[in-house]
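Please open the model in your viewer and set it to a cartoon representation, with side chains ready to be displayed. The tour proceeds by selections, each followed by a description of what is found there.

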Amino acid sequence: AEPLPVELKDRAVAIAAGCDHSVVITEKGEAFSWGFGQHGATGTGRLATEPTPRRVDLKETVEHVWCGTDFSLFMTSK
């Protein structure tokens with residue numbers, strides 16, 4: 001697949017990439033992910049592929065993210 005530009009309303013401050021998915025953290029502490037979602041890797045609660053960034057609803061401020069082959073790990077603060 002050909003890479004596509006990603007558009008966000010807020011400035012990105014961190015990004016992580018797994019095998020087939022990516023996650024970005026914005027300056028407001030929100031996480032957005034996209035890519036192959038099988039096994040829940042994107043963290044959106046859906047098992048579908050997300051072709052464009054979709055908000056990960058963690059109900060807390062996201063400070064950092066790590067991605068692996070089939071998972072995403074979020075560090076949050078209250």
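The stops below concern the sheet and then the salt bridges of this predicted model.

**The sheet**

Begin by selecting the strands. They form an open sheet of four strands in the order β1-β2-β3-β4, and the pairing is antiparallel. Next, colour residues 12-17 and residues 50-56: these are β1 and β4, the edge strands, each of which pairs on one side only. If the sheet is turned in the viewer, its twist may be followed; the twist averages 20° from one strand to the next.

**The pairing of β3 with β4**

Now select residues 31-35, which make up strand β3. Strand β3 and β4 are joined by four bridges, in the antiparallel sense. Which residue in β4 is the bridge partner of phenylalanine 32? Selecting arginine 55 gives the reply, for arginine 55 is the partner of phenylalanine 32.

**A salt bridge between the loop and the segment before β1**

Turn next to the charged side chains; the structure holds seven salt bridges. Display glutamate 27 and arginine 11, which form one of them, with the closest N and O atoms 3.4 Å apart. Glutamate 27 belongs to the loop between β2 (21-26) and β3, whereas arginine 11 belongs to the segment before β1, so this pair ties together parts that are 16 residues apart in sequence.

Are the two side chains buried or exposed? Glutamate 27 has a relative accessibility of 46% and therefore counts as partly exposed. Arginine 11, at 54%, counts as exposed, because the cut-off for that class is over 50%.

**The network around aspartate 57**

Return to arginine 55 and add aspartate 57 to the selection. Their side chains meet in a salt bridge with an N to O distance of 3.4 Å. Then add lysine 59: aspartate 57 forms a salt bridge with lysine 59 as well, and here the closest N and O atoms are 3.1 Å apart. Finally, include Glu30, since a network of salt bridges links Glu30, Arg55, Asp57 and Lys59.

A surface view of this group shows the accessibility of its members. Arginine 55 is partly exposed at 39% relative accessibility, and aspartate 57 is likewise partly exposed at 49%. Lysine 59, with a relative accessible area of 71%, is exposed.

To close the tour, keep arginine 55 selected: this residue is the bridge partner of phenylalanine 32, and its side chain takes part in the salt bridge with aspartate 57.

Methods:
Residues are numbered from 1 along each chain as its sequence is written. This is a predicted model: local features need pLDDT of at least 70, side-chain atom pairs count only at pLDDT 80 or more; totals for chains, interfaces and linings use all residues. Side-chain values use heavy atoms; hydrogens and water are left out. Two strands pair if DSSP finds at least two bridges between them. Helices (H or I, at least four residues) and strands (E, at least two) are DSSP runs, numbered from the N terminus. Axes are lines fitted to C-alpha atoms, for helices over the stretch in contact, and angles run from 0 to 180 degrees between N-to-C directions. A salt bridge is a side-chain nitrogen of Lys or Arg within 4 Å of a carboxyl oxygen of Asp or Glu. Buried means under 20% relative accessible area, exposed over 50%, partly exposed in between (1.4 Å probe, protein chains only).
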